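Subject: Structure handover

Hello,

Here is the structure for your files. Notes on what was found in it come after the sequence and coordinates.

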Amino acid sequence: MRVIAWLDEGTWPACVDAVRTHAPHASDVVLLHVSGPDVPGVAHGAFAGLLGRGHPERDPGDRLTDLGGTSAAELLEAAAERLGRPCRRMERTGRVEREVVAAAEGADLLVLARDGDRDRLGPRSLGPAVRFAVDHAPCPVLLVWPEAAPDLTILPPPPPDR
């Protein structure tokens with residue numbers, strides 16, 4: 001069984017714990033982190049447009065790219081340690097939701113965590129990237145709460161009987 005666990009900075013422990021609980025020990029586990037191109041791209045653009053005339057060695061976008069790679073490696077290292085069994089680590093860069101779906105090709109399970117409003121149940125508990133991955137994943141999906149799920153008492157009342 002090939003299991004992909006999409007790890008994000010705020011929700012990765014829940015995904016790792018779900019893999020430990022639900023994936024057979026002999027599974028081929030891939031810990032996936034995806035970095036979006038947005039922040040370094042904005043810094044490159046600002047530098048080129050306003051600050052960087054003639055000094056490409058000072059481009060802050062390059063430094064942000066390096067920092068992002070270091071942060072992703074540290075997150076993957078912590079996740080592998082928490083998992084406590086053999087796994088592979090995969091880092092990708094690009095449109096996050098599309099990279100996750102592409103990485104899940106050929107997988108038997110994609111594990112990811114809710115990233116929206118965690119104070120209530122329902123569709124708003126999914127942000128755009130997770131919603132896209134859930135809707136387009138080419139394999140079964142295990143969607144987990146990053147912390148305890150909200151109480152069922154917050155559900156709206158049922159519609160009146162007709």
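The notes below start with the whole chain and then turn to two arginines.

Please keep in mind that this is a predicted model.

Overall: the chain has five helices and five strands, arranged along the sequence as β-α-β-α-α-β-α-β-α-β. It is 162 residues long, and 38% of them count as buried. Of the contacts between residues at least 6 apart in sequence, 74% link residues at least 24 apart. The accessible surface is about 9600 Å², with 54% of that belonging to carbon and sulfur atoms.

Arg2: this residue sits in strand β1, which covers residues 2–6. Arg2 is buried and has no salt bridge. The nearest side chain of opposite charge is that of Asp28, 4.1 Å away; the cut-off for a salt bridge is 4 Å, so this pair does not count as one. Leaving aside residues up to four places away in sequence, Arg2 touches Asp28 itself, and also Val30, Arg88, Met90, Ala103, Glu105, Gly106, Ala107, Asp108 and Leu109.

Arg114: this one lies in the loop between β4 (109–113) and α5 (128–136). Arg114 is also buried without a salt bridge, and the nearest side chain of opposite charge, Asp115, is 8.3 Å away. Its side chain does make a polar contact with the side chain of Ser125, at 2.4 Å. With residues up to four places away in sequence again left out, Ser125 is among the residues that Arg114 touches, together with Thr11, Gly122, Leu126, Leu143, Val144, Trp145 and Pro146.

Regards

Terms used: Residues numbered from 1 in each chain as written. Predicted model: local features only at pLDDT ≥ 70, side-chain atom pairs only at ≥ 80, totals over all residues. Heavy atoms only, no water. Helix = DSSP H or I, 4+ residues; strand = E, 2+ residues; numbered from the N terminus. Buried < 20%, exposed > 50% of the residue type's maximum accessible area, 1.4 Å probe, protein only. Lys, Arg positive; Asp, Glu negative; His and termini not counted. Polar contact = N/O pair within 3.5 Å; in protein donor to acceptor, adjacent residues only side chain to side chain. Contact = heavy atoms within 4.5 Å. Areas by Shrake-Rupley, 256 points an atom, 1.4 Å probe, with all protein chains shown as cover.
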